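Subject: Structure for your review

Dear colleague,

Please find below the structure that I am handing over to you, together with its sequence. I would be grateful if you could read the notes that follow with the model open beside them.

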Amino acid sequence: MKLNRRISGRIERPADKRRYVRRLFAGVAGRYDLTNDVMSLGLHRRWKRRLLELTDLRPGHRVLDLAAGTGDLARGALDLAARKEFEIRVLAADLTPEMMRAGRTRGSGALQGWIGADALRLPFPDGAFDRVLVGYGLRNFADLDAGLAESFRCLRPGGRLVSLDFGHPRSTALRRAYFAYLNVSTRVVGWALHRDPESYVYIPESLRRFPDQRAMVRRMEAAGFERCRYEELMLGTMAINYGDRR
Ligand SMILES: C[S@@+](CC[C@H](N)C(=O)[O-])C[C@H]1O[C@@H](n2cnc3c(N)ncnc32)[C@H](O)[C@@H]1O
């Protein structure tokens with residue numbers, strides 16, 4: 001796995017990473033949804049639907065879409081509840097106003113609202129939510145353990161955190177091939193859609209530092225979660241980690 005020293009230096013320290021991530025997403029916000037569709041060939045929609053199945057939504061649930069970006073998971077949760085004919089309350093929270101602004105242009109439907117918030121210091125009381133959903137967010141937190149602890153605090157007993165993110169395939173050969181693919185494809189997509197080949201190289205660089213789905217189970221347990229599990233998608237190149245607050 002080749003290190004990109006320029007990006008690496010900018011995400012080493014938590015305060016620098018927070019600044020870098022915020023600037024990065026502010027810059028790509030306008031074409032973020034399109035980029036997701038291009039990079040995953042639309043498959044991120046299917047993976048997000050799977051996350052929502054594992055969320056086990058129930059009538060009356062209070063749901064936080066954390067690091068919501070343009071709000072895919074918030075909308076997905078509301079649609080799922082509507083199809084099952086029950087009501088839930090959903091809030092979307094993100095660090096980057098530009099991402100939420102792009103999300104608002106797609107309509108907010110029955111969403112309770114969009115809140116500017118840092119996952120490491122959430123402006124909610126203890127036990128405020130039944131479910132915290134995170135799509136491609138944990139990897140971007142400046143301090144993963146602080147973010148997990150904060151999500152745990154905001155869940156009521158019986159609540160669940162569910163996170164979808166890039167994974168690390170178990171096989172060394174596949175992992176190498178995957179990182180090589182990401183290094184090239186993110187440059188091509190970054191150049192084609194944002195005229196900046198570096199904008200998406202952050203993905204492999206942040207993934208390199210991000211725990212694999214098996215290690216994430218232990219990090220979630222250390223934050224207090226129980227029954228921590230993961231489900232691999234596409235041979236472990238993507239993974240959903242989830243755990244409960246008892
Ligand atoms: C890759 S986008 C994911 C957006 C959306 N959840 C999705 O699945 O498409 C990552 C988002 O995480 C947000 N983010 C990064 N660090 C954050 C933090 N500490 N607190 C809240 N949001 C954060 C960024 O602003 C960005 O909108």
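The notes below begin with the ligand and then turn to individual residues.

Please bear in mind that this is a predicted model.

**The ligand and its surroundings**

The ligand occupies the space of the largest pocket. Its shell consists of 19 residues, and the closest of these are Y32, D94, T96, A119 and G135. By class, the shell residues comprise 11 nonpolar, 5 polar and 3 charged. Two helices, α2 (14-28) and α3 (32-40), each contribute at least two residues to this shell.

Several polar contacts may be of interest to you. In the side chain of D94, an N or O atom is 2.6 Å from an oxygen atom of the ligand. Y32 also places a polar side-chain atom 2.8 Å from a ligand oxygen atom. At A68 the backbone is involved: one of its polar backbone atoms is 3.4 Å from a nitrogen atom of the ligand. On its own, the ligand has 600 Å² of accessible area, and the protein covers 97% of it.

**Two residues with positive phi**

Most residues other than glycine have a negative phi. A67 has a positive value, near 55°, and belongs to the loop between β1 (62-66) and α5 (72-83). Because its relative accessibility is 22%, and partly exposed covers the range between 20% and 50%, A67 counts as partly exposed.

E85 likewise is a residue other than glycine with a positive phi, here near 65°. Its place is the loop between α5 and β2 (89-94). With a relative accessibility of 73%, above the 50% cut-off, E85 is therefore classed as exposed.

**Two residues in helices**

R5 lies in helix α1 (residues 5-10). Its relative accessible area is 67%, so R5 is exposed. Along the chain, R5 and L148 are 143 residues apart, and their C-alpha atoms are separated by 27 Å.

P97 is part of helix α6, which spans residues 97-104. It counts as partly exposed because its relative accessibility is 31%. Between the C-alpha atoms of P97 and A149 the separation is 24 Å, with their positions 52 residues apart along the chain counted as the distance apart.

Yours sincerely,

A colleague

Notes: Residues are numbered from 1 along each chain as its sequence is written. This is a predicted model: local features need pLDDT of at least 70, side-chain atom pairs count only at pLDDT 80 or more; totals for chains, interfaces and linings use all residues. Side-chain values use heavy atoms; hydrogens and water are left out. Helices (H or I, at least four residues) and strands (E, at least two) are DSSP runs, numbered from the N terminus. Buried means under 20% relative accessible area, exposed over 50%, partly exposed in between (1.4 Å probe, protein chains only). A residue is near a molecule or strand if one of its heavy atoms lies within 4 Å of it. A polar contact is a pair of N or O atoms within 3.5 Å; within protein, one must be able to donate a hydrogen and the other to accept it, and residues adjacent in sequence count only if both atoms are side-chain atoms. Accessible areas come from the Shrake-Rupley method with a 1.4 Å probe; for residues, only the protein chains shown count as cover. On a 1 Å grid over the protein atoms alone, a cavity is a set of points where a 1.4 Å probe fits but cannot get out, and a pocket is an open set with protein on both sides within 12 Å along at least five of seven lines; lining residues have an atom within 4 Å of a point. A molecule sits in a cavity or pocket if more than half of its atoms lie within 2 Å of its grid points. Ala, Val, Leu, Ile, Met, Phe, Trp, Tyr, Cys and Pro count as nonpolar, Asp, Glu, Lys and Arg as charged, and the others, Gly among them, as polar.
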